[in-house]
Amino acid sequence: MTRVVVALGVLGFSFWRAADAYASVIARGGGDLTRQIDIAGRDEIAETARHFNTFLASLRTMFAEIRDEAGRLTAGVHTVNGTLDRMSNDFQALADQSSSN
């Protein structure tokens, strides 16, 4: 029984040490979420690592969608800005025309 507890403790410590090292790499790498934890095994620790990798994949998808939406929003702002510039020019032309009469 004691051996099992010690083995689980060592495995758990190994996983958390690896996860901590991985999180440190992400933090130092400017938030690079393209990395994943290498998984070898079918135990609870490997399952937790798989869930963590799934979480990272979800984050990558979410950030890609945010990036795409920001691009569309920026394009829309440029379109509105162009329309406002044309309207401003038209109003200025009307003002110039009415002041010359």
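**Close-up views of a two-helix predicted chain**

**View 1. A nonpolar patch on the surface.** Val80, Leu84, Met87, Phe91 and Leu94 together make a nonpolar surface patch of about 500 Å². Keep in mind while you look around that this is a predicted model. One member of the patch, methionine 87, sits in helix 2, which covers residues 44-100. Methionine 87 has a relative accessibility of 39%, so this residue counts as partly exposed.

**View 2. The whole chain, for orientation.** Before going closer, here is the overall picture. The chain has two helices and zero strands. Of its 101 residues, 12% count as buried. The exposed area comes to about 8,100 Å², and carbon and sulfur atoms supply 61% of that area. Among contacts with a separation of 6 or more, 45% are between residues 24 or more positions apart.

**View 3. The salt bridge between glutamate 47 and arginine 50.** Three salt bridges turn up in a search of the whole structure, and this view shows one of them, joining the side chains of glutamate 47 and arginine 50 with an N to O distance of 3.3 Å. Both residues belong to helix 2 and are three residues apart, about one turn of the helix. How exposed is glutamate 47? Its relative accessible area is 35%, so glutamate 47 is partly exposed. Arginine 50 is partly exposed too, with a relative accessible area of 30%.

**View 4. The salt bridge between aspartate 68 and arginine 67.** Here the closest N and O atoms of aspartate 68 and arginine 67 are 3.6 Å apart, and the two residues form a salt bridge. Is arginine 67 buried or exposed? With a relative accessible area of 56%, arginine 67 is exposed, because the cut-off for that class is over 50%. Aspartate 68, at 38%, is partly exposed.

**View 5. The salt bridge between glutamate 69 and arginine 72.** The side chains of glutamate 69 and arginine 72 meet with an N to O distance of 2.7 Å. Where do these partners lie? Glutamate 69 and arginine 72 are both in helix 2, three residues apart, which is about one turn of the helix. Glutamate 69 has 45% relative accessibility and therefore counts as partly exposed.

**View 6. Two phenylalanine rings.** The count of aromatic pairs comes to one. Phenylalanine 52 and phenylalanine 55 form that pair, with ring centres 6.4 Å apart and an angle of 40° between the planes, which makes the arrangement tilted. Why are these two residues about one helical turn from each other? Phenylalanine 52 and phenylalanine 55 are separated by about one helical turn because they are three residues apart in helix 2. Phenylalanine 52 is partly exposed at 28% relative accessibility. Phenylalanine 55 is also partly exposed, with a relative accessible area of 46%.

**View 7. Confidence along the chain.** The chain averages a pLDDT of 81, and 74% of the residues score at least 70. Which residues have a pLDDT that stays under 50? That is the case over residues 4-8, for which the model has zero contacts beyond four places in sequence. A friendly reminder for this last view: where pLDDT is low, the predicted coordinates should not be read in detail.

Methods
Residues are numbered from 1 along each chain as its sequence is written. This is a predicted model: local features need pLDDT of at least 70, side-chain atom pairs count only at pLDDT 80 or more; totals for chains, interfaces and linings use all residues. Side-chain values use heavy atoms; hydrogens and water are left out. Helices (H or I, at least four residues) and strands (E, at least two) are DSSP runs, numbered from the N terminus. Buried means under 20% relative accessible area, exposed over 50%, partly exposed in between (1.4 Å probe, protein chains only). Contact means heavy atoms within 4.5 Å. Accessible areas come from the Shrake-Rupley method with a 1.4 Å probe; for residues, only the protein chains shown count as cover. Patches are made of residues with over 30% relative accessible area and no salt bridge: like charges are joined within 9 Å, nonpolar side chains (Val, Leu, Ile, Met, Phe, Trp, Tyr) within 5 Å. A salt bridge is a side-chain nitrogen of Lys or Arg within 4 Å of a carboxyl oxygen of Asp or Glu. Rings of Phe, Tyr and Trp (its six-membered ring) pair if their centres lie within 6.5 Å; planes under 30 degrees apart count as stacked, over 60 as edge-to-face and the rest as tilted. pLDDT is the predictor's confidence in each residue, from 0 to 100.
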